[in-house]
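I opened this structure to look up how some of its helices pack, what lines its largest pocket, and where its backbone is unusual. My entries follow in the order in which I looked.

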Amino acid sequence: MSSSINTLLFDLDGTLINTNELIIASFTETLNHFCPGQFKREDIIPFIGPTLTDTFSSIDPLRVKEMIAFYREHNWKNHDALVTQFDGVFETVQTLKQAGFKMAVVTTKKRDVVEKGLRLSNLEQFFEVVVTLDDVENAKPDPEPLIKALHQLGSNPDEAIMIGDSYHDILGGQNAGTKTAGVAWSLKGREFLESYHPDHMLEKMADLLNIVENENLIEAKR
């Protein structure tokens with residue numbers, strides 16, 4: 001039996017905050033150090049979404065720990081200079097919070113840098129639950145992080161939408177039994193995300209306001 005939507009799970013990078021240039025710069029510096037001349041910008045974009053362990057294991061299984069450490073050092077040092085806001089995100093999330101929606105961040109990043117990003121964007125005040133890579137055994141697209149967030153919020157999957165810029169977010173939502181929404185501003189492109197069949201596609205974050213209203217209107221008529 002379906003339920004009205006009262007819970008929203010958000011990815012962080014590329015969805016709530018614009019970390020694209022920071023991530024690309026961190027990968028570029030790391031790969032130029034360990035694999036000079038082998039990777040261009042277009043080669044790096046597919047690395048956005050999976051965990052660093054998964055990405056670097058596919059490049060050089062023998063130096064994964066060193067590559068992750070190098071990446072994280074660059075990422076941390078350059079974080080505040082390169083992270084920017086997406087238009088309308090703060091206002092939309094604020095409106096949803098004021099309307100009483102339960103909200104969580106579900107991300108494949110480690111907690112320290114997640115908290116840094118939420119503080120920088122002034123979004124931390126809106127999220128009662130934050131599930132990071134440090135909190136789970138299995139990252140998205142495994143449903144574990146989403147189920148953990150839903151449990152902490154006291155919500156069921158059929159009451160929730162997972163919103164993200166990566167196919168890991170769409171598949172994670174589908175695996176957990178939530179509805180899903182892709183964001184058209186994903187670096188990987190709208191068409192790429194649509195190939196994973198999200199329930200909704202956001203052109204801008206404010207579209208989420210109409211989506212939850214329409215979802216709940218449809219449910220109310222059943």
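Entry 1, H3 and H4. The model is predicted, and I kept that in mind throughout. I began with helix H3, residues 52-59, and helix H4, residues 64-82, whose axes lie 9 Å apart at an angle of about 125°. That angle makes H3 oblique to H4, because it falls in none of the ranges for parallel, antiparallel or perpendicular. I noted the crossing of H3 past H4 as right-handed. On the H3 side I listed Leu-52, Thr-53, Phe-56, Ser-57 and Ile-59. They meet Val-64, Met-67, Ile-68, Tyr-71 and Arg-72 of H4. By class, I found 7 nonpolar, 2 polar and 1 charged residue in this contact.

Entry 2, H1 and H4. Next I looked up helix H1, which spans residues 20-34. The axes of H1 and H4 come within 9 Å, and the angle between them is roughly 145°. I recorded this crossing, too, as right-handed. The H1 residues in the contact include Leu-22, Ile-23, Ser-26, Phe-27, Thr-30 and Phe-34. From H4, the contact takes in Met-67, Phe-70, Tyr-71, His-74, Asn-78 and Leu-82, among others. I sorted the contact of H1 with H4 into 10 nonpolar, 7 polar and 3 charged residues. Met-67 and Tyr-71 were already on my list for the contact with H3.

Entry 3, H4 and H6. How do H4 and H6 lie relative to each other, parallel or antiparallel? Their axes are 11 Å apart and the angle is about 5°. Angles under 35 degrees count as roughly parallel, so H4 is roughly parallel to H6. I wrote down Asn-75, Trp-76, His-79 and Asp-80 from H4. Their partners in H6 are Asp-112, Val-113, Lys-116, Gly-117 and Leu-120. The contact of H4 with H6 has 3 nonpolar, 3 polar and 3 charged residues. Asn-75 and His-79 of H4 also appear in the contact with H1.

Entry 4, the largest pocket. I then turned to the largest pocket, which holds about 440 Å³ of space. It is lined by 26 residues, and those closest to its centre are Asp-13, Leu-52, Tyr-71, Thr-108 and Lys-109. Which elements give two or more residues to the lining? They are H1, H4, helix H6 (111-120) and helix H8 (167-176). H4 gives the most, with 4 residues. I counted the lining by class as 10 nonpolar, 7 polar and 9 charged residues. I had met Leu-52 and Tyr-71 before, in the contact between H3 and H4.

Entry 5, the backbone. Last, I checked for departures from what is common. Most residues other than glycine have a negative phi, and most peptide bonds are trans. Asn-122 is not a glycine, yet I found a positive phi of about 65° there. Asn-122 sits in the loop between H6 and S5. The peptide bond from Lys-140 to Pro-141 is cis, with omega near 15°. I placed Pro-141 in the loop between strand S5 (129-131) and helix H7 (144-153).

How values were computed
Residues are numbered from 1 along each chain as its sequence is written. This is a predicted model: local features need pLDDT of at least 70, side-chain atom pairs count only at pLDDT 80 or more; totals for chains, interfaces and linings use all residues. Side-chain values use heavy atoms; hydrogens and water are left out. Axes are lines fitted to C-alpha atoms, for helices over the stretch in contact, and angles run from 0 to 180 degrees between N-to-C directions. Angles under 35 degrees count as roughly parallel, over 145 as roughly antiparallel, 65 to 115 as roughly perpendicular and the rest as oblique. A crossing is left-handed if the near helix is turned anticlockwise from the far one by less than a right angle, and right-handed if clockwise. Contact means heavy atoms within 4.5 Å. Ala, Val, Leu, Ile, Met, Phe, Trp, Tyr, Cys and Pro count as nonpolar, Asp, Glu, Lys and Arg as charged, and the others, Gly among them, as polar. On a 1 Å grid over the protein atoms alone, a cavity is a set of points where a 1.4 Å probe fits but cannot get out, and a pocket is an open set with protein on both sides within 12 Å along at least five of seven lines; lining residues have an atom within 4 Å of a point. Grid points are joined across faces, edges and corners, and a volume is the space filled by probe spheres set on the points.
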